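Ready for a few exercises at the graphics screen? Open the two chains in your viewer, try each task by yourself, and then compare your route with the worked solution.

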Amino acid sequence: MSDHSGPQGHASFEPRIVAFFCNWCTYTAADLAGTSRLRYPPNVRVVRIMCSGRFDPQFALSAFRDGADGVLIGGCHPGDCHYQEGNHKALRRFILLRMLAKQLGIEEERLRLEWIAASEGEKVQRVIAEMTEQVRRLGPLRLAPIPAPVERVGQLQEVGRAR
Amino acid sequence: MDLAEDLLSVVDRVDFVFFPVAMDFKKEDVENLGNGEIDVCFINGAIRTSEEEEMARLLRAKSQILIAYGSCSCLGGIPGLANLFPREEILQFNYLDGPSVVNPDAIVPKEETKVPEGEVELPSFHDDVKTLAQTVEVDYFLPGCPPPVILLKGALEAILEGNLPEKGQVLAPDIALCDECPRKTSKPERLRIDSFRRPHEILADPETCLLAQGLLCLGPVTRGGCGAACVSGNMPCTGCLGPVSRVRDYGGKAVSAIASLLDAENEEEIVRLLGDIVDPPGTFYRYGLPASLLHKRILQ
């Protein structure tokens with residue numbers, strides 16, 4: 001938690017990026033980056049989904065609510081989706097999500113969609129490094145807290161004037 | 001038509017102890033009740049002022065069962081869209097800068113004002129709009145703008161028969177509106193939107209799925225139970241009953257559903273098509289911004 005306290009752009013801020021990588025392409029590419037010992041910033045937490053089409057915009061909003069500063073989606077190149085058109089849906093959803101998020105105060109750079117094929121380990125390295133730096137420059141995403149209800153007033157305690 | 005007359009048979013069997021909009025009750029009538037003396041309380045309206053919060057807390061203490069009634073108390077409602085703006089900007093616009101404001105002495109509401117007779121008070125205006133459940137513990141939810149009479153009747157009957165479900169439930173069907181839509185069978189096998197129309201721009205065919213006609217109907221994302229009232233009036237659903245139980249953020253799910261239907265493959269086409277949606281927050285969070293995951297616009 002403490003690494004989030006730095007002012008915008010301060011070197012002590014470590015962005016937290018949640019990545020949703022499709023099983024067939026991008027996740028495989030990330031594995032390749034690993035076995036190739038390619039070095040990249042450790043700021044990304046990867047969630048494997050079977051297809052980028054599984055990405056529900058709620059995942060991004062939920063990630064932001066839980067403390068993410070950026071969300072990255074990785075899928076197969078158009079035409080190469082293991083399930084034919086899932087990645088096409090992902091693109092459409094992503095664009096509308098980014099539009100909506102921007103109007104809600106989330107900068108565009110905090111949401112990124114990339115087509116990364118299974119052989120593109122180096123692209124995984126580059127994209128993660130780039131996005132980490134971009135989000136670092138933007139600073140932490142500060143959401144308003146969701147108000148919690150006051151505790152239910154105890155049964156024993158009379159509220160207001162007693163009869 | 002929405003005849004509420006059949007409510008009268010139910011209403012005959014209850015005793016109102018507080019109903020300020022319809023009967024002459026005062027706040028002290030509530031204060032004088034014992035805790036838990038009210039069997040069931042319906043509260044409508046979102047919470048933005050200290051007065052609303054105080055009434056909510058008071059009624060919560062005095063009631064056995066508290067039901068959030070209407071989209072405002074359940075989800076934040078249309079007033080919840082105020083969460084797109086900072087508090088100061090709202091006051092500034094409405095009392096000073098608005099184009100129809102005439103306020104030469106720049107008088108803005110104050111919580112305490114001295115007048116010759118003494119000091120008068122106004123409730124404080126909170127930083128954001130909250131749902132009822134974000135203010136006090138709520139037992140049941142009956143959304144809708146307004147809640148469909150049939151659902152209210154069902155809720156009252158459940159209360160009188162001691163038949164309420166588990167606490168925390170929404171007292172409406174847990175399935176999307178498309179399921180009960182009279183136009184369901186007209187939905188094409190492959191539904192694709194190639195342009196968005198607003199209701200005033202076309203003469204909508206009264207028998208065909210509205211989404212198929214390019215109207216932004218949120219039926220697929222919205223809880224049913226209203227008998228598809230708006231659609232039956234040839235208007236697209238705007239989402240007033242909020243999400244079903246499997247959805248956490250209505251706007252996010254709406255984005256997912258609507259974007260999936262776009263008849264566009266590359267970024268350029270998609271952006272152009274989406275340009276027809278004039279107000280994404282107002283469209284996808286019309287009733288539910290306070291209840292959403294973001295709760296309000298991020299103001300840095």
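**Exercise 1. Find the residues at the heart of the largest nonpolar core, and say where its members come from.**

Step 1. Keep in mind that this is a predicted model. The largest nonpolar core holds 115 residues, and B:Ala68 and B:Leu142 touch the most other members.

Step 2. Look for the element that gives the most to this core: helix H3 (residues 86-103) of chain A, with nine residues.

Step 3. Turn to the domains of chain B. Domain 1 (4-79 + 129-160) and domain 3 (177-284) each supply at least three residues to this core.

Step 4. Zoom in on B:Ala68 and set aside its neighbours within four places in sequence. The contacts of B:Ala68 are then B:Ile43, B:Ser73, B:Cys74, B:Leu132, B:Ala133, B:Val138, B:Phe141 and B:Leu142. B:Leu142 thus appears among the contacts of B:Ala68.

**Exercise 2. Describe the overall build of chain B.**

Step 1. Begin with the secondary structure: chain B has 10 helices and seven strands.

Step 2. Divide the chain into domains. The assignment gives domain 1 (4-79 + 129-160), domain 2 (84-127) and domain 3 (177-284). The C-alpha centres of domain 2 of chain B and domain 3 of chain B are 39 Å apart.

Step 3. Put a box around the chain. Along the principal axes, the C-alpha atoms of chain B fill roughly 65 × 55 × 30 Å.

Step 4. Check burial and contacts. Of the 300 residues in chain B, 37% are buried. Among contacts in chain B with a separation of 6 or more, 70% are between residues 24 or more positions apart.

**Exercise 3. Work out the order of the strands in chain A, and explain which ones stand at the edges.**

Step 1. Follow chain A from the N terminus: its elements run β-α-β-α-β-α-β-α. That comes to four helices and four strands.

Step 2. Now look at the sheet. The four strands form an open sheet in the order E2-E1-E3-E4 (chain A), with parallel pairing. Strand E2 (44-49) and strand E4 (111-115) of chain A each have a single partner strand, so one side of each is left without a neighbour in the sheet. From one strand to the next, the twist averages 20°.

Step 3. Inspect one pair in detail. Strand E1 (residues 17-22) and strand E3 (residues 70-75) of chain A pair in the parallel sense over five bridges. Within this pairing, A:Val18 has A:Val71 of E3(A) as its bridge partner.

Step 4. Add a helix to the picture. Helix H1 (residues 26-35) of chain A lies across E1, E2 and E3 of chain A, and runs at about 110° to E1(A).

Step 5. Finish with the chain as a whole. Buried residues are 48% of the 163 residues in chain A. For contacts in chain A with a separation of 6 or more, the share from residues 24 or more positions apart is 79%.

**Exercise 4. Characterise the side of chain B that touches chain A.**

Step 1. Count the residues on both sides: 44 residues of chain B are in contact with 36 residues of chain A.

Step 2. Assign the chain B side to elements. Helix H3 (50-62), strand E6 (125-130), helix H8 (250-260), helix H9 (267-274) and helix H10 (280-284) of chain B each supply at least two residues. The largest share, eight residues, comes from H8(B).

Step 3. Sort the chain B side by class: there are 19 nonpolar, 12 polar and 13 charged residues.

**Exercise 5. Track down some backbone features of note in the loops of chain B.**

Step 1. Look for a cis peptide bond. One joins B:Cys145 and B:Pro146, with omega about -5°. B:Pro146 lies in the loop between strand E7 (140-142) and helix H6 (149-160) of chain B.

Step 2. Look for positive phi values outside glycine. B:Ala106 has phi near 50°, and B:Asn234 has phi near 65°.

Step 3. Place both residues. B:Ala106 is in the loop between helix H5 (87-97) and strand E4 (112-115) of chain B. B:Asn234 is in the loop between helix H7 (229-232) and H8 of chain B.

Step 4. Decide how exposed they are. A residue counts as exposed if 12 or fewer other C-beta atoms lie within 10 Å of its own. B:Ala106 has 7 C-beta neighbours inside 10 Å and therefore counts as exposed. B:Asn234 has 14 other C-beta atoms within 10 Å, so B:Asn234 is partly exposed.

Terms used. Residues are numbered from 1 along each chain as its sequence is written. Chains are lettered from A and ligands numbered from 1 in the order in which they are written. This is a predicted model: local features need pLDDT of at least 70, side-chain atom pairs count only at pLDDT 80 or more; totals for chains, interfaces and linings use all residues. Domain bounds come from an automatic or database domain assignment. A residue is buried if 20 or more other C-beta atoms lie within 10 Å of its own, exposed if 12 or fewer, and partly exposed in between; C-beta atoms are placed from the backbone. Two residues are in contact if their C-beta atoms, placed from the backbone, lie within 7 Å. Ala, Val, Leu, Ile, Met, Phe, Trp, Tyr, Cys and Pro count as nonpolar, Asp, Glu, Lys and Arg as charged, and the others, Gly among them, as polar. Two strands pair if DSSP finds at least two bridges between them. Axes are lines fitted to C-alpha atoms, for helices over the stretch in contact, and angles run from 0 to 180 degrees between N-to-C directions. A nonpolar core is a set of buried Ala, Val, Leu, Ile, Met, Phe, Trp, Tyr and Cys residues joined through C-beta atoms within 7 Å.
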